[in-house]
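Got your viewer open? Let's take a walk through this protein, one selection at a time.

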Amino acid sequence: MSTADAFRTDPPNLGGERELLQGFLDFHRGTLLWKTSGLTGEELVRASTEPSTMSLLGLIRHLAEVERYWFQMCLAGRPLQLELWTEEHPDGDFDLVDPARAEQDLADLKAAIRTSDELAAVYSLDHTFKRPRGDAEYSLRWLYIHMVEEYARHNGHADLLRERVDGLTGE
């Protein structure tokens, strides 16, 4: 595994609320990229914690879909068709991994992150929105906290999956 410094920087200790929220989200996004680095497509699709179908590539695909859902569909209200969560394959992000698509799936995550950051930058933390099929309101502040939690939880999964794939552990 490459060094963590190549993929992430520590979040700031001081700063405004938005700077801290973005810093922690960037840190956790970078952590996932670090934990999935240096592996072949075959290693990335290995579901190494049976009976779960979760794999490192599945996590990459899942978090790309989460980024698209929350920032593009919910926050920005874009009429987006999700690619990996379908009625036929509700867990397609994990179940339909293909080692030949590993590089493209990683590029898709990075593109989704860039788009998320661009969209979030134009709204205040107090900006509210609703999910496409929901009545509850959410703020951008809530979304940042939710995404930090989402990445942090899945980075714990990535720790275990990576160790099972090649024995390497993170922090």
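How many of the residues of helix 3 are buried? Select residues 56–75, which make up helix 3, and keep in mind that you're looking at a predicted model. The answer is 20 of 20, so to speak a full house: helix 3 is mostly covered.

**Stop 1: along helix 3**

Helix 3 has 20 residues, and from its first C-alpha to its last it reaches 27 Å. That's close to the 28 Å expected at 1.5 Å a residue. Now step just past the end of helix 3 and click on G77, where phi turns positive at about 70°.

**Stop 2: the nonpolar core**

Next, select W70, F71 and L109. These are the residues with the most contacts inside the largest nonpolar core, which has 40 residues. Which elements give two or more residues to this core? They are helix 1 (17–35), helix 3, helix 5 (102–121) and helix 6 (140–166), so colour those four if you like. Helix 3 gives the largest share, 13 residues.

Zoom in on F71. Not counting residues up to four places away in sequence, F71 touches R29, A76, S116, L119, A120, L140, L143 and M147.

**Stop 3: the largest pocket**

Show the surface for this one. A general idea helps here: rolling a probe the size of a water molecule over the atoms shows where empty space is left. The largest pocket holds about 350 Å³ of space. To find it, select Y69, M73, L80, Q81, L82, W85, T86, E87, R131, P132 and R133, which line the largest pocket. What kinds of residue are in that lining? Six are nonpolar, two are polar and three are charged.

**Stop 4: the loop before helix 3**

Now go to the loop between helix 2 (41–44) and helix 3, and pick S55. Is S55 buried or exposed? It's buried, because its relative accessible area is 0%. Leaving aside neighbours within four places in sequence, S55 is in contact with L44, V45, R46, A47, F94, V97 and L161. Try a distance too: S55 and E43 are twelve residues apart in sequence, and their C-alpha atoms are 8.8 Å apart in space.

P51 lies in the loop between helix 2 and helix 3 as well. Look at the peptide bond from E50 to P51: this bond is cis, with omega near 10°.

**Stop 5: D26 on helix 1**

Select D26, which is found in helix 1. D26 counts as partly exposed because its relative accessible area, 34%, falls between the 20% and 50% cut-offs. Then draw a line from the C-alpha of D26 to that of E67: the two residues are 41 places apart in sequence and 13 Å apart in space.

**Stop 6: strand 2 and helix 6**

Strand 2 covers residues 137–139, and S139 lies in it. S139 has a relative accessible area of 18%, so it is buried, the cut-off being under 20%. Which residues is S139 in contact with, leaving aside neighbours within four places in sequence? They're L125, D126, H127, T128 and F129.

Finish with helix 6. Its 27 residues should span 39 Å at 1.5 Å a residue, and its end C-alpha atoms are 38 Å apart, so the two values agree. Just after helix 6 comes your last click, G167, which takes a positive phi of about 85°.

Terms used
Residues numbered from 1 in each chain as written. Predicted model: local features only at pLDDT ≥ 70, side-chain atom pairs only at ≥ 80, totals over all residues. Heavy atoms only, no water. Expected span 1.5 Å × (residues − 1). Buried < 20%, exposed > 50% of the residue type's maximum accessible area, 1.4 Å probe, protein only. 1 Å grid on protein atoms, 1.4 Å probe; cavity = no way out; pocket = protein on both sides within 12 Å on 5 of 7 lines; lining within 4 Å. Points joined across faces, edges and corners; volume = space filled by probe spheres on them. Nonpolar A, V, L, I, M, F, W, Y, C, P; charged D, E, K, R; others polar. Core = buried A, V, L, I, M, F, W, Y, C linked by side-chain atoms within 4.5 Å. Contact = heavy atoms within 4.5 Å.
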